Amino acid sequence: MAKQTTFFRSISRLYPHVKPILPRLVMGLVCALLASVVALSIPQVLRVLINTSLQPGGSTETVWIASSVILALGVAEAVLVALRRQFVINPATTVETKMRISLYGHLQELAVSFHDRWGSGQLLSRAMTDLNFLRRWMAFGAIMLVVTTLTVAIGVGVMFSMSWQLALIFLAAAVPIMVYSFRFRTRFSKVARLSQDQAGDLATTVEESVHGIRVLKGFGRSHEALENFNEQAEELRQTEIAKARHQATFSMVVTLLPELALGLALVVGIMLTVDGQLTIGALVAFFATAAVVATPVEFSGMLLAMALTAKTAIDRHFEVMDTENTITSPADPKDPDLSNVRGALSFRGASFGFDDGGRLLEEIDLDVRPGETMALVGITGSGKSALLQLVPRLFEVTEGSVMIDGIDVRDFSLEQLRSLVSVAFEDTTLFSSSVRDNVLLGARERTDEALHEALDVAQAHFAFSLPDGVDTLIGEEGLSLSGGQRQRIALARAIAARPKVLVLDDPLSALDVNTEERVEARLREVLRETTTLIVAHRPSTVALADRVALLREGRIAAVGTHTELLASNDHYRYVIASLEREPKDLDTELHEELNDTAELNDTAQLNDAGETVR
């Protein structure tokens, strides 16, 4: 549930961002206000003109002078409006850009658990739509709201100076408008927040549908996805209609009541003029001034709606920015010489659980020797992936510690820790860039030699045969590649970082056994001094490890070689027996099908030959 704040408290949170450009905004406000004052001056020139030059015996020269003054005032108003735009547009876009960069930077720092809770569309709408609206409100809405308020106040004062009776009639219309404004603000704030949240949910749905288009098509569920999207889009449409209805009603009230007041004022004004209490020039000037004042009053509905929507955008922005980053670098981090780091990985009483649930890991005690490859096995939900993510501090231990060479990982700076530890996950994530950029993402040395070695170790030689070789753009999330190709690129990325500790969450699941063996052999050769902790879902991966750790219900149940555990642990035998059968790549399956077909044909021919002999 979003925390409710007052309008001025929400707007005040923009001050640190607006402070550097405040002089420019003030100049824009002054220009807009001067333009409004100039507009209010024109009726006064008309009043003088009518009361002097348009009377019997009036001078033609005065008419020309008055016309020239009105023309000059009109030009001055246009220049001031142009200056207002020049003063505010550039600094407003600067604030928008800085806030967007700040939001993106904060999102990069926030813990993985935050991103697990938030939909990507909600974050996208905050980074793009909300900040874009804030920029437009700062450059136009906020300034015009202040100018409108001052214009109405000055205009009403001028109207009182000409006829207090007519001014009171006009001002009487303001009372019901003010009463309705309070009701409008409450209702519109709620529906504006709902609209922006629904837009974020809709963006999430679009993103998920685009990323999962193969699944939707593969299962023939495009129609159901469209129906779900249609329901969400219709909900947003109804909310937008409700917003428009509230705004239209408010606009009707603020337009109709002043017009009715002016109609009554016209009748009273004519009577006052007939009685000699008001000159014709003053009457004309009054209504000309009223016309100038009425325009901002009519726009007040739109400006108030913009202000309330801006408040919602600010609240949504700071919902993210106020989220505390729970995983940070220490104030005084340890800084060991990388060349002396051996990569001894230790878990001491390490426990982990999410805030909203029980513990996934309970008092883990485990030692992985420098340069050793240890496999983690266990049934689904035993906590294997969570254990791996404690090493680079993607998750934080709730009790105990994780250590590298006897130093708690929390004592390293995040930057140094994640240069010591490299990760590769089963669900590979690639970026919309070239193969080269993806592989060398975390490499300390971005050289061709490092690139080629990493691709060779990961058996990703296919990259050289792509249309533009390693400079080929692989598309969003690498979906132009097969699953096995994506996994090999992700593994090459982890290898290119040359880590001291390598954590692999079953990154070879899409590879055939022969390719996996070649990858493991090259990993042993190139990363012989790298400590490797790997989640294994296949017997072949387990067999290639130096030792195996068995996880059971969030605890380490046994540690030993594959052979030792097979001989001594019933649960280990059960887990190994339940591991998935070795997958085969398409070429292997086609080859075997062709062999089977050939064998059947040969058998048929032999049978036919036997029948012929008989």
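Start your tour by selecting Val501 and Thr531: in β8, the bridge partner of Val501 is Thr531. Strands such as β8 are DSSP runs of E with at least two residues, helices are runs of H or I with at least four, and both are numbered from the N terminus.

Before you go on, note that this is a predicted model, in which local features need pLDDT of at least 70, side-chain atom pairs count only at pLDDT 80 or more, and totals for chains, interfaces and linings use all residues. Residues are numbered from 1 along each chain as its sequence is written, and side-chain values use heavy atoms, with hydrogens and water left out.

**Stop 1: the mixed sheet**

Now select all of β7 (residues 501–505) and β8 (residues 531–535). These two strands pair in the parallel sense over 5 bridges; two strands count as paired if DSSP finds at least two bridges between them. On to β6 (421–425), which is joined to β7 by 5 bridges and runs parallel to it. You can pick out two of the partners: Ser422 is matched with Leu502, and Ala424 with Leu504.

Zoom out to see the whole open sheet, 6 strands in the order β6-β7-β8-β3-β9-β10, with mixed pairing. Which strands stand at the edges? They are β6 and β10 (555–560); each has a single partner strand, so one side of each is left without a neighbour in the sheet. On average, neighbouring strands of this sheet are turned by 20 degrees against each other, direction ignored. Such angles run from 0 to 180 degrees between N-to-C directions, and axes are lines fitted to C-alpha atoms, for helices over the stretch in contact.

Return to β7 and look at its cover. Of its 5 residues, 5 are buried, where buried means under 20% relative accessible area, exposed over 50%, and partly exposed in between (1.4 Å probe, protein chains only). In a regular strand the side chains alternate between the two faces of the sheet. Colour Val501, Val503 and Asp505 for one side of β7, and Leu502 and Leu504 for the other; both faces are covered. Then add helix α16 (residues 483–496), which lies across β6 and β7 and runs at about 175 degrees to β6.

**Stop 2: the antiparallel sheet**

Select β2, β1, β4 and β5: these 4 strands form an open sheet in that order, with antiparallel pairing. Here β2 (359–368) and β5 (407–408) are at the edges, each with a single partner strand, so one side of each has no neighbour in the sheet. Strand β1 (residues 345–353) is joined to β2 by 6 bridges, and Gly353 stands opposite Arg359 in β2.

Next, click on Ser401 in strand β4 (residues 399–404). Is Ser401 buried or exposed? Ser401 counts as buried because its relative accessibility is 12%. Leaving aside neighbours within four places in sequence, Ser401 is in contact (heavy atoms within 4.5 Å) with Ser346, Phe347, Arg348, Ala350, Asp408 and Arg410.

**Stop 3: among the helices**

Two packed helices are described by the angle between their axes and the distance between the axes. Show α4 (residues 60–109) and α11: their axes come within 10 Å and cross at roughly 35 degrees. Where they meet, Met99, Ser102, Leu103, His106 and Leu107 in α4 face His317, Val320 and Met321 in α11. By class, this contact has 5 nonpolar, 3 polar and no charged residues. Ala, Val, Leu, Ile, Met, Phe, Trp, Tyr, Cys and Pro count as nonpolar, Asp, Glu, Lys and Arg as charged, and the others, Gly among them, as polar.

Stay in α11 and select Ala307, which is buried at 1% relative accessibility. Not counting residues up to four places away in sequence, Ala307 touches Phe7, Trp137 and Leu145. For a sense of distance, draw a line to Ala545: the two are 238 residues apart in sequence and 62 Å apart in space, C-alpha to C-alpha.

Hop over to Gln198 in helix α8. Gln198 is buried, with a relative accessible area of 16%. Apart from neighbours within four places in sequence, Gln198 has contacts with Glu235, Leu236 and Thr239.
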